[in-house]
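Student: Please take one part of this model and walk me through it closely. I would like to see how it sits in its surroundings.

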Amino acid sequence: MSFARFAVRRLLEMAATLLGASFVIFGAMYLAPGDPASFLLSGRSASPAALAEINTQYHLQDPFFVRYFRWLGQVLHGDFGRSIEYRTGVSKLLADRLPSTLLLVAMALVLVVVVGLALGWIGAVRGGATDSTILVATTVAVGTPSFVAAILLQGLFSVRLGWFPTSGTGQGFGDMIRHLILPAIALALYLIGMLARVTRAAMLEQLDSEHVAVARSRGVPERQVIWRHVFRNACGTVLTTGGLIVSTLIICTVLVESAFSIGGIGQLLELATTTKDFPTVQAISLFIVGLFMTVNLIIDLLFPLVDPTVTLGARRSTA
Amino acid sequence: MTTVLTRRPGLARLRAARQPLYLACLGFVVLVVLAALLAPWLAPGDPNTVDLGNVLAGPSADHLLGVDAAGRDTLSRLLLGARTSLIGPLGVVVFATLAGVAVGVAAGWRGGWLDSVLSRSTELVFAFPGMLLAILIVTVYGEGLLAPVLALAIAYLPYVSRLTRSLVLAERERPYVAAYQVQGHSSLQICLRHVIPNIAPVVLAQSTINFGYALIDLAGLSYLGLGVPALTPDWGRMVFDGQTAIQRGYPLSALLPCLVIVLTVVAFNVVGERWADQVARRDR
Amino acid sequence: MTRTLDIRNLCLRLPDTARPVLDGVDLHIAAGETVALVGESGSGKSLTARTVLRLLPKGAETEGAVEVAGENVLALDPQQLRALRTGRVAMIFQDPRAAINPLRRVGDFLTESVRLTGAMSEPDATRRAAELLTAVGLDASVLRRHPGQLSGGMLQRVMIAAALMGDPVLLLADEPTTALDVTSQAEVVALIGELKERFDTGLLFVTHDLGLAAAISDRVYVMYAGRIVETGPAATLFTDPRHPYTLALLAATPRLAAPGGRLAAIDGQPPDLRHELTGCSFAPRCRFATQLCTTQAPEPHSAPGAPGHLAACHHSDRLEESAADA
């Protein structure tokens with residue numbers, strides 16, 4: 001199969017899955033007990049006027065599939081409807097809150113990649129007591145939920161030591177970074193542990209392999225053996241975790257942004273959930289699912305570059 | 001560099017295992033489960049009784065682990081919280097394991113269109129992080145334990161079904177399966193009596209690890225106020241309740257549930273991974 | 001004249017084992033000589049070959065001397081060791097599929113050791129790699145291929161070319177044909193023999209195939225449970241074995257020349273590394289064993305009139321009698 005055909009097939013597959021996901025996200029609303037109009041208005045004043053407005057806005061008198069495809073058409077044009085709670089367009093709501101979340105996720109991603117890879121590398125190569133220490137630390141990291149990490153970091157570094165602000169996003173770029181350091185660490189901690197373990201295991205497997213012994217037997221300097229044969233060959237396994245890392249980062253902003261009162265997408269999702277603002281929940285869900293699939297698609301397309309031995313499409317994501 | 005060693009059968013078993021950590025974790029798992037089972041008898045007081053005179057007090061004879069910001073005894077809440085905090089993940093894991101094994105065996109054994117349909121659905125569910133699916137369902141059904149447990153069970157199902165499917169695919173290639181088929185045993189009989197028992201250890205190890213993750217996800221939902229109802233003692237909820245106290249410089253009532261969550265998750269992970277290792281080593 | 005390889009009283013211990021994995025190994029190769037090392041799996045023959053490159057398992061402790069052209073390998077500093085590995089000694093491994101990194105191109109594999117250690121410039125290295133590929137019967141277009149695109153036999157040729165990159169004085173071939181199919185086996189063996197002559201290197205050929213050992217080598221060492229039990233010229237060792245283990249191995253080897261003959265499996269198992277060993281390591285499986293064999297380890301002694309043919313057995317002479325009876 002040529003690369004172009006493979007890419008097109010994966011793209012179509014992704015579109016199909018995304019369509020399925022959008023159907024789930026849209027259809028979930030109709031699982032609610034009672035009729036959709038009262039669900040959409042739940043907790044809010046259900047005046048006849050409001051009911052009528054909801055009915056026209058959502059075309060609730062139309063058949064289900066008509067409504068679904070109308071909604072899908074709007075979504076494809078970037079229109080996620082109006083927030084019931086905030087009474088503005090959901091797209092605008094998202095756009096306002098996206099920058100702080102993206103910055104937070106980007107900071108956390110850098111931490112995950114740099115620290116996770118480094119710890120896995122060091123553990124695998126050094127071995128001994130260093131490895132055991134890293135293994136214990138990553139075991140604890142993998143067992144620490146992001147909100148627990150958030151509370152603990154906040155309690156120690158903000159309240160007790162006063163090094164960082166306890167909440168908010170701050171003004172200006174530098175201040176924003178300072179406000180987001182602790183949240184980024186909290187967000188990254190679990191994934192650092194996960195990535196370090198995956199990297200370590202993949203590198204240990206390579207270290208154990210015959211071709212590494214052969215490279216050593218031919219006098220290739222140890223640094224080069226590790227870089228060219230051990231790490232290089234471990235990259236494929238490490239790369240498969242990419243989709244999981246990104247989607248976990250985004251979804252966990254719900255917890256971390258709530259803990260640090262950061263006005264981002266995560267906090268919006270939490271507020272939208274508690275106020276049953278369904279259009280907003282739908283939009284954010286679709287965003288997260290779409291992002292996960294895009295990242296996985298990119299990884300699938302990159303994979304043949306990293307590992308020329310696999311046949312195209314043979315890889316199945318571990319996420 | 002153990003290439004020389006691993007090929008020598010006699011030496012494989014000589015590798016030393018990290019026994020103490022595993023035993024400590026197994027001990028902790030047993031301890032937490034016992035605490036949850038015996039909580040009503042072990043708890044020194046009612047978890048919702050308010051002692052306003054001792055708000056945020058440290059450990060004392062009356063309140064061994066102190067009092068939270070609302071004046072409730074932390075030890076009692078931790079013990080009774082163990083029940084809600086463990087029953088949720090248990091529900092997730094039991095449902096995900098049973099349904100996942102059924103789906104995985106069906107897909108692996110039958111193959112064909114059934115396999116394609118199930119694999120497609122698996123891909124779809126994989127696109128939703130467990131937390132997101134739970135949040136989506138909670139938005140629709142409102143808070144409570146059942147909705148998030150079901151949502152997480154669905155989110156975890158593909159992990160079990162995919163594992164089961166690959167194990168079944170390997171298992172059905174083994175000669176004994178053909179031997180039984182030749183003797184006229186039905187597929188259902190072979191699956192129930194031989195295939196499932198043979199793959200059970202691996203699946204159980206995976207489920208034990210999943211338990212830890214389900215606990216993290218459910219505690220997170222409770223922390224957001226989307227899990228158990230507000231007054232029910234629950235570890236995730238206790239972290240939320242303790243957050244204001246920690247910001248005012250009284251860390252104990254938040255620190256303890258944090259600690260218990262981390263230790264429990266770590267313990268389940270270590271035990272599960274150890275079992276998975278043992279099974280892998282046995283099969284080699 | 002210095003020997004190309006001279007192993008004297010080599011002992012190698014691994015953690016968690018009750019006895020040395022290699023126990024007093026003596027082995028030498030003269031310049032340009034071909035020596036076969038035979039034994040069953042686990043006897044320590046591969047480990048002996050790997051020790052020459054100091055390619056030791058984790059936690060291994062060594063005693064004795066391993067000299068390549070007069071230089072003790074076990075005492076080299078990392079820099080000298082690297083020079084030894086890129087230059088004087090090279091190894092051909094058992095399974096080329098496992099031995100060559102599947103993610104890197106063949107050209108990269110061939111040239112990496114001389115390039116990365118600065119022994120050759122990149123163009124020089126590539127030119128030499130192309131020459132050697134022709135010498136092993138491949139062409140230079142292979143340089144740009146990935147290992148996955150080549151057959152096992154082709155890959156083993158690449159492996160041989162790689163071994164010759166540093167112009168070695170000693171080639172170690174660790175069961176180089178075991179992982180190949182029968183036709184490529186013969187080709188690879190012939191190729192190794194031919195190149196060995198052409199590049200004038202010593203060759204240590206590790207194998208469990210007695211016929212192959214007899215065909216290719218000048219002298220043979222037989223190894224059992226980490227000890228050399230018998231050594232001698234290839235011509236006489238197999239026709240006139242002086243150790244019961246060699247005899248048993250020969251009896252267990254099928255022969256085309258005499259089809260229909262009975263194969264005699266060797267009863268019992270090689271000794272477990274977790275137990276200490278007293279006396280002769282083969283005694284529990286030996287039909288000649290006496291009280292003496294279980295208490296005292298036999299020293300190697302030469303056959304009458306043949307100083308190069310040594311066997312470590314208390315009963316070499318009885319062996320001859322029984323062979324005469326048969």
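**A close look at one helix**

Tutor: Take H6(C): 11 of its 13 residues are buried, so this helix is largely enclosed by the rest of the structure. Keep in mind that the model is predicted. Here, a residue is buried if 20 or more other C-beta atoms lie within 10 Å of its own.

Which residues of H6(C) are buried? Start with C:Gly153. Then come C:Leu155, C:Gln156, C:Arg157, C:Val158, C:Met159, C:Ile160, C:Ala161, C:Ala162, C:Ala163 and C:Leu164.

What covers these buried residues? The cover includes two strands of chain C, S6 (89-92) and S7 (170-174). It also includes the chain C helices H3, H4, H5 (122-135) and H7 (182-199).

Now check the length. Helix H6 of chain C covers residues 152-164. At 1.5 Å a residue, its 13 residues should span 18 Å. The end C-alpha atoms are 19 Å apart, which agrees.

Two of the covering helices lead on to another chain. The contact between chain C and chain A takes 20 residues from chain C and 18 residues from chain A. On the chain C side, H2 (78-86), H3 (96-99) and H4 (106-116) each supply at least two residues. By class, that side has 10 nonpolar, 6 polar and 4 charged residues. H3 and H4 of chain C thus appear twice: they help cover the buried residues of H6(C), and they supply residues to the side that touches chain A.

Note on methods. Residues numbered from 1 in each chain as written. Chains lettered and ligands numbered in written order. Predicted model: local features only at pLDDT ≥ 70, side-chain atom pairs only at ≥ 80, totals over all residues. Contact = placed C-beta atoms within 7 Å. Helix = DSSP H or I, 4+ residues; strand = E, 2+ residues; numbered from the N terminus. Nonpolar A, V, L, I, M, F, W, Y, C, P; charged D, E, K, R; others polar. Expected span 1.5 Å × (residues − 1). Buried ≥ 20, exposed ≤ 12 C-beta atoms within 10 Å, placed from the backbone.
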